[in-house]
Amino acid sequence: MAHPSQLGFQDAASPVMEELLHFHDHTLMIVFLISTLVLYIIVAMVVTKLTDKLILDSQEIEIIWTLLPAIILILIALPSLRILYLMDEINDPHLTIKAMGHQWYWSYEYTDYEDLGFDSYMIPTQDLTPGQFRLLETDHRMVIPVESPVRILVSADDVLHSWAVPCLGIKMDAVPGRLNQTAFITSRPGVFYGQCSEICGANHSFMPIVVEAVPLEHFENWSSMMLEDT
Amino acid sequence: MSLQKPIMRGLLAKRLRFHLPIAFGIAITVALSYKFGVTEPRKKAYANFYKQYDAVKEFNAMREAGVFESVRPSGK
């Protein structure tokens, strides 16, 4: 989850998010390069009295300031397209979960083998126990097996929502009447937080997402226990 | 004694020849500083973290700390 005064991304918990982090670093480096150059030129132009009113054209500099941006754009586009195609690779998921957005909670359905479904409401601030995170905890977490490819089918029951977990590098719009698909693998066990990312009414900020990644045998025990409870 | 004729032409070009290499130099220095100060250390940090990562040990530590709701602490 995010921590106070955080500037950058959350620590990656999936391989795709790691790639996105490195790509962001690469692109930001280029942004700093261009911004520094432009800032220097602006300051130099502002403090000078020298001008040349008779300059009409200059082929050399026009070639430079056409080619250089084109090269920079290619340097950004190539890693970007690499990650785009990486995210779309056939990944043969071990598990498919349906995440449905409602006003104002998420519901999860695990229907691969049995019919398991439950709602996930935010825990109100006054009901939190010490150590829990305000506006991020839910009564039921979406539990998945760690290091297993998981497919999430995202949709909504009423208005637009968006299922987002930043440290997994996932954001997928939940559109009523539409099934959106995304997939991920968690690199390590843990608890990963996200929040609804499409304005959906009064309690849009109060329908968080919690993903819990545990080893497979514990996931199986949990799903058996959940089936007995329902 | 006569004064030397002052330079009256090419002043802007001279200024550009002085400042543009400095501008490019500073911009490239900033970019390289970010690359070797942030980008490469971050890549190494992730590589080192997963090189020595023991998922079972970390899972058990988190389990005993009560982080998970699907798995209760074993009490060991």
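## Buried and exposed residues in a two-chain model

A:L135 is buried, with a relative accessible area of 18%, which falls under the 20% that marks the limit for a buried residue. The model in which A:L135 appears is a predicted one. This leucine is found in the loop between β3 (116-120) and β4 (142-145) of chain A, and its phi is positive, at about 65°, although it is not a glycine. A:S5, in the segment before α1 of chain A, likewise has a positive phi although it is not a glycine, but A:S5 is exposed. Most residues other than glycine have a negative phi, and most peptide bonds are trans.

| Residue | Phi | Relative accessible area |
|---|---|---|
| A:S5 | about 60° | 74% |
| A:L135 | about 65° | 18% |

The backbone of chain A has a further feature to note, since the peptide bond from A:Q103 to A:W104 is cis, with omega near 0°. A:W104 belongs to the loop between β1 (95-102) and β2 (105-110) of chain A.

Which residues touch the most other members of the largest nonpolar core? In this core of 43 residues, they are A:I97, A:Y108, A:Y110, A:M142, A:I152, A:W163 and A:V211. Strand β10 (residues 208-214) of chain A gives the most to this core, contributing five residues. Leaving aside residues up to four places away in sequence, A:Y110 touches a list of partners that includes A:I97, A:L116, A:F118, A:M142, A:V143 and A:W222. Apart from the largest core lies another one, of five residues, and among them are A:M29, A:I30, B:A31 and B:Y34.

Two of those names, B:A31 and B:Y34, lead to chain B. Helix α1 (residues 11-51) of chain B has 41 residues and reaches 58 Å from its first C-alpha to its last, which is close to the 60 Å expected at 1.5 Å a residue. There is nevertheless a kink of about 30° in α1(B), and this kink is centred on B:K35. The buried residues of α1(B) are B:A23, B:A27, B:A31, B:Y34, B:T39 and B:Y46, and they pack against α1 (15-46) of chain A. An α-helix has 3.6 residues a turn, so residues three or four places apart point the same way.

For chain A, an unreviewed UniProt entry places the feature "domain: Cytochrome oxidase subunit II transmembrane region profile" at residues 1-91. In the model, the span of residues 1-91 is 67% helix and 0% strand, and its end C-alpha atoms lie 26 Å apart.

Conventions:
Residues numbered from 1 in each chain as written. Chains lettered and ligands numbered in written order. Predicted model: local features only at pLDDT ≥ 70, side-chain atom pairs only at ≥ 80, totals over all residues. Heavy atoms only, no water. Helix = DSSP H or I, 4+ residues; strand = E, 2+ residues; numbered from the N terminus. Expected span 1.5 Å × (residues − 1). Bend = angle between axes of the 7 residues up to and from the residue. Buried < 20%, exposed > 50% of the residue type's maximum accessible area, 1.4 Å probe, protein only. Contact = heavy atoms within 4.5 Å. UniProt positions renumbered as here; feature names shortened; annotations may be inferred. Core = buried A, V, L, I, M, F, W, Y, C linked by side-chain atoms within 4.5 Å.
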